[in-house]
Amino acid sequence: MTTRGHQPLQVAGYSQGGTVVEGVAYFTANSFQEHLNEEGHLTRIEKPLKYPYVVAFDTGTLEVIRTYDFEDTYDSSPLVLPKKDGTWLVLAHEHINQRTVAMNRDTGEIAWISEANQPGSMFFGYSYYVKKDGTTLILANVQNGLHAISLEDGKEAWFIPGTGGVTPCVDQAGGHIYCQWSGRLSKINAETGAVIQTVAVEEPSSCVSWNTVLAHDEHGYHIITYWYSPRLYGSAIRVYDAGLTLLWEKSGLSLSKKATLAYHGGSVFVGSGDHWQSYYSEPNTDWKNITAYRVNNGEIAWKLDLSGYHYSNIPNIVYCNGMLIAETQTNIRPLGYHLLVMDALNGALLKSYYKELPANSCAVPLLTGGKWFSGDLVTNSVLVTELGTGGPADWIGAYGNGQTNDMCVDSKALTALK
């Protein structure tokens, strides 16, 4: 059943990614708003000077608590973490200034500014590692490589060159980082930055800005990776063990240059389509699906046919409480979007919601308190859709868990659908 109803609530001025800590959401702005003219072409409206590029608002009331005077964030999500002494900081990547800035969460004052050595706008989010001495390293994998930055003072602890911008996953207990770059995958000592092992990756092997996923549970230890090629059916999923042995791969996939992977309970979930490939549009529908792969061997657990839905891309899927929530995007009129809720075990479609707004943003949406929060460049806002009932649940980093990047949220975030 598809529900058509009121339009989502909106938090104006912020259209990219977010994180949630203790019932407060922190979202970034984009440096421009997109305007769609009658011919279907997008033009850009630049943000005014001295715009506060990060906002904090209550996820229950949507009341704005504070704005933070960051400069020129882009596709990225902020990160909110405490220092060793308990002082909370809000971090964001200023892509024009090529740096990370940290501000005091409670006052908005600048705590530190990193070196201006982090170029590129293709960067979705940070991960982090807590060192043995109790201090934290912030991991920013930007267009020139992986920077490990001290949360205490913003100084760089170590750096590994590379290209891509994929957010690495962190094995906190093991002290390891797994990082993708275009053409290679590496295992890194988190304390020292020493590269333990690297394996070459054959085509498709491009990296843009998504998530490397750590799945460490009763189903085993797996590093789940995605690789892009700018051609039709050109992308791939590859899964490795802790020693970077390739366990399985699926190539010839119809996935976006900014697609993300979700993992839960032995299954890898992924959407379909690509804004940047004109073939992925009607009347062609053979590419329209959501697929669950078994993490141990790559077998298809289920595939949901979505040929009846109008969209050009499903980049993100979120797991919560036995359910998967997927959001469609389209750059083809009509510009409405679907929120699809599925049973994670068998792919059965439980409910769909349709909203007559584009919901087009590069950064990743999130779920908490029964609400879906998604940036939108055209309306220049965070769109907030009430899916059902739920309690406050943290969403750390761009991908739900700031270390494993699994696109999962605590089951209390959505306890029942409307």
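**Exercise 1. A threonine in a loop**

Decide whether T163 is buried, partly exposed or exposed in this predicted model, and describe its surroundings.

*Solution.* Begin with the relative accessible area of T163, which is 43%. Since buried means under 20% and exposed means over 50%, with partly exposed in between, T163 is partly exposed. Next, place the residue along the chain: T163 sits in the loop that runs between strand 16 (156–161) and strand 17 (169–171). Then list its partners, which, when residues up to four places away in sequence are not counted, are Q143, W181, S182 and C207. Finally, consider a pair that is far apart in space: T163 and H219 are 56 residues apart along the chain, and their C-alpha atoms are separated by 31 Å.

**Exercise 2. The chain as a whole**

Work out which elements of secondary structure the chain contains and how its radius of gyration stands against the globule rule.

*Solution.* Count the elements: the chain has 37 strands and 0 helices. The radius of gyration is 20 Å, which is close to the 22 Å that the globule rule gives for 418 residues, and the chain is therefore as compact as a globular protein of that length. For the outer dimensions, the C-alpha atoms fill a box of roughly 55 × 50 × 40 Å along the principal axes. Turning to burial, 62% of the 418 residues count as buried. As for the surface, the chain exposes about 14900 Å², and 49% of this is supplied by carbon and sulfur atoms. Among contacts between residues at least 6 apart in sequence, 53% join residues that are at least 24 apart. To finish with the charges, the mean positions of the 28 positive and 41 negative charges are 1 Å apart.

**Exercise 3. The nonpolar cores**

Find which residues touch the most other members of the largest nonpolar core, and follow the contacts of L367.

*Solution.* The largest nonpolar core holds 87 residues, and those that touch the most other members are F27, F57, F70, I138 and L367. Apart from this core lies another, of 32 residues, which includes W227, V239, A259 and Y293. Now take L367 and leave out residues up to four places away in sequence: L367 touches V318, C320, I325, W372, L387, W395, V409, A413 and L414.

**Exercise 4. Three residues in strands**

For A56, V382 and Y354, state the strand in which each lies and whether each is buried or exposed.

*Solution.* Start with A56, which lies in strand 7. Its relative accessibility is 1%, so A56 counts as buried. Leaving aside neighbours within four places in sequence, A56 is in contact with V24, A25, Y26, E63, V64, I65, R66 and Y68. With R66, 10 residues away along the chain, the C-alpha separation is 5.3 Å.

Continue with V382, whose place is in strand 35 (residues 381–386). V382 is buried, because its relative accessible area is 0%. With neighbours within four places in sequence set aside, its contacts are L9, Q10, V11, Y14, F27, F57, F373, S374 and G375. L9 is 373 residues from V382 along the chain, yet their C-alpha atoms are separated by 8.2 Å.

End with Y354, found in strand 32 (residues 349–355). At 11% relative accessibility, Y354 counts as buried. Y354 and G375, 21 residues apart in sequence, are 16 Å apart in space, C-alpha to C-alpha.

**Exercise 5. Backbone exceptions**

Identify which peptide bond is described by an omega of about -5 degrees, and then examine phi of K50 and of D72.

*Solution.* Recall the background: most residues other than glycine have a negative phi, and most peptide bonds are trans. The bond that joins E203 and P204 is a cis peptide bond, with omega about -5 degrees. P204 lies in the loop between strand 20 (195–200) and strand 21 (213–217).

For K50, phi is near 60 degrees, a positive value in a residue other than glycine. K50 is placed in the loop between strand 6 (42–46) and strand 7 (54–58), and at 79% relative accessibility K50 counts as exposed. For D72, phi is near 50 degrees, again a positive value in a residue other than glycine. The loop that holds D72 runs between strand 8 (64–68) and strand 9 (79–82).

Note on methods:
Residues are numbered from 1 along each chain as its sequence is written. This is a predicted model: local features need pLDDT of at least 70, side-chain atom pairs count only at pLDDT 80 or more; totals for chains, interfaces and linings use all residues. Side-chain values use heavy atoms; hydrogens and water are left out. A nonpolar core is a set of buried Ala, Val, Leu, Ile, Met, Phe, Trp, Tyr and Cys residues joined through side-chain atoms within 4.5 Å. Buried means under 20% relative accessible area, exposed over 50%, partly exposed in between (1.4 Å probe, protein chains only). Contact means heavy atoms within 4.5 Å. Helices (H or I, at least four residues) and strands (E, at least two) are DSSP runs, numbered from the N terminus. The radius of gyration is taken over C-alpha atoms; the globule rule is 2.2 Å times the number of residues to the power 0.38. Accessible areas come from the Shrake-Rupley method with a 1.4 Å probe; for residues, only the protein chains shown count as cover. Lys and Arg count as positive and Asp and Glu as negative; His and the chain ends are not counted. The place of a charge is taken as NZ of Lys, CZ of Arg, CG of Asp or CD of Glu.
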